Amino acid sequence: MRGVTASYWKGRRVLVTGHTGFKGSWLSFWLTELGAEVCGFALAPATVPSLFELLALEDRLRHEVGDLRQPEGIRRVVDDFRPQAVLHLAAQPIVLTSYEDPAGTFASNVMGTAHLLDALRASGSASVCVVVTSDKCYENREQVWGYRECDALGGRDPYSASKGCQEIVTASYRASFFHPDRRGDHGLSLASGRAGNVIGGGDWGAFRLVPDLMQAFAEDEPAVVRNPGSVRPWQHVIEPLRGYLALAEAADADPSHATAYNFGPAETDTAEVRTLADALVARWGGTARWEDRGDPNARHEAGLLRLDTSLARHRLGWKPAMALADTVEATVDWYRAHAKGASPTELAALTAQQLGRWGGAT
């Protein structure tokens, strides 16, 4: 299994967009642990509490507040910081929110990506960029086999459609301005990572299963589950982040790796919502419980979603390191520590411990 090469990241200038979000905070924390010089560009943290603040990330990196929908801010930061590597996670990440603000979702996820890539094109400092999209970028046909990178892109809801568009934009810039065969001319390898449903400690996003369950358990209330029969490729946040870092390393070393990759769990760990909810209840213990409150008139969300990760396994040497039981253990233990009043120092130590156990850095 390919791990993360600590020597590659040590001292490297890395720009992380979306560093105040759940995945971005985990990634930024990990990069600082690896010794990278990190600059983050994002909106202010959107939740209270926020993982960004609990891990005191503002003390670990250069924190730039800005909006990718406005190109001037990201252009200024790229010109000033001159990153060597870029990991683009900034996005409007919620399906239900995209129904309320479809135009804003497309502006953030599609035009925000174009604005970043334009800034990198003008700067010429970065040698690699990984654009993070989603497994929902595929045209969902409720098929029982996993989607592959060559399958059709699409999206019935605005969020999913925006992620399909984000992949198209990335592929267009790669073909037009950052072609792998001409890297000697332009200097940048441009790849993308598509991950499944990511969970882990420190997520307080709205309309998300695990944050809702963890908050209910901590307050000794029954958790509400909307779609217990939906099937998702659940994985701990460490897993795709390890994939993004491995992809950045590989694409920087060899531009033939500059393409799209899926990062998801083993087939046996793709599970129904009710299966995950039951496992979280068992790990939390006590009076933890959940209730099915499905709404037949609710907005559409995909019912069946699986990923095929063969390409990442064969070309990058990446494969899942955490079974579903490990994912549940790490997630519940983190939230339970927070519920018991763990200090930022203690939460940072727990986060580092989990990265050390499952991150595979060498």
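User: Before we look at helix H9, what does "buried" mean here?
Analyst: Happy to start there, and please keep in mind that this is a predicted model. A residue is called exposed over 50% relative accessible area and partly exposed in between. Buried means under 20%.

User: Thanks! How many of the residues of helix H9 are buried?
Analyst: Helix H9 covers residues 209-218. Leu209, Val210, Pro211, Leu213, Met214, Ala216 and Phe217 are buried in H9. The helix is mostly covered, and the count of buried residues is 7 of its 10.

User: Which elements do the buried residues of H9 pack against?
Analyst: The residues in question include Leu213 and Phe217, both buried. Their partners are two strands and two helices: strand E7 (198-199), strand E8 (223-225), helix H11 (273-284) and helix H13 (324-339).

User: Which residue just after H9 takes a positive phi?
Analyst: Most residues other than glycine have a negative phi, so a positive one is worth a look. Just after H9 there is such a case, with a phi of about 55°. The residue is Asp220.

User: Let's step back to the whole protein. Why is it as compact as a globular protein of that length?
Analyst: The protein has 14 helices and 13 strands. For 362 residues the globule rule gives 21 Å, and the radius of gyration is close to that, so the protein is as compact as a globular protein of that length. The value for the radius of gyration is 19 Å.

User: What share of the contacts with a separation of 6 or more comes from residues 24 or more positions apart?
Analyst: Of the 362 residues in the protein, 57% are buried. Among contacts with a separation of 6 or more, residues 24 or more positions apart account for 81%.

User: How many aromatic pairs are there, and how are the rings of Tyr8 and Trp9 arranged?
Analyst: The count comes to 9 aromatic pairs. For Tyr8 and Trp9 the ring centres are 4.7 Å apart and the planes stand at 80°; planes over 60 degrees apart count as edge-to-face. Tyr8 and Trp9 are both buried. Their arrangement is therefore edge-to-face.

User: How many residues apart in sequence are the parts tied together by Trp204 and Tyr335?
Analyst: The ring centres of Trp204 and Tyr335 are 5.8 Å apart with planes at 75°, so this pair is edge-to-face. Trp204 sits in the loop between E7 and H9, while Tyr335 belongs to helix H13, so the pair ties together parts of the chain distant by 131 residues in sequence. Trp204 and Tyr335 are buried, and with Trp334 they form one aromatic cluster. The separation asked for is 131 residues.

User: Is Asn197 buried or exposed?
Analyst: Asn197 is placed in the loop between strand E6 (189-195) and E7. Leaving out residues up to four places away in sequence, Asn197 touches Asp135, Lys136, Arg232, Pro233, Trp234 and Gln235. Its relative accessibility is 16%, so Asn197 counts as buried.

User: Which peptide bond is cis, with omega near 0°?
Analyst: Most peptide bonds are trans, so a cis bond is worth pointing out. Pro49 is in the loop between strand E2 (37-42) and helix H3 (51-54). The cis bond runs from Val48 to Pro49.

User: What is the relative accessible area of Ala56?
Analyst: Ala56 lies in the loop between H3 and strand E3 (62-65). Although not a glycine, Ala56 has a positive phi of about 50°. Ala56 is partly exposed, and its relative accessible area is 30%.

Key
Residues are numbered from 1 along each chain as its sequence is written. This is a predicted model: local features need pLDDT of at least 70, side-chain atom pairs count only at pLDDT 80 or more; totals for chains, interfaces and linings use all residues. Side-chain values use heavy atoms; hydrogens and water are left out. Helices (H or I, at least four residues) and strands (E, at least two) are DSSP runs, numbered from the N terminus. The radius of gyration is taken over C-alpha atoms; the globule rule is 2.2 Å times the number of residues to the power 0.38. Buried means under 20% relative accessible area, exposed over 50%, partly exposed in between (1.4 Å probe, protein chains only). Contact means heavy atoms within 4.5 Å. Rings of Phe, Tyr and Trp (its six-membered ring) pair if their centres lie within 6.5 Å; planes under 30 degrees apart count as stacked, over 60 as edge-to-face and the rest as tilted.
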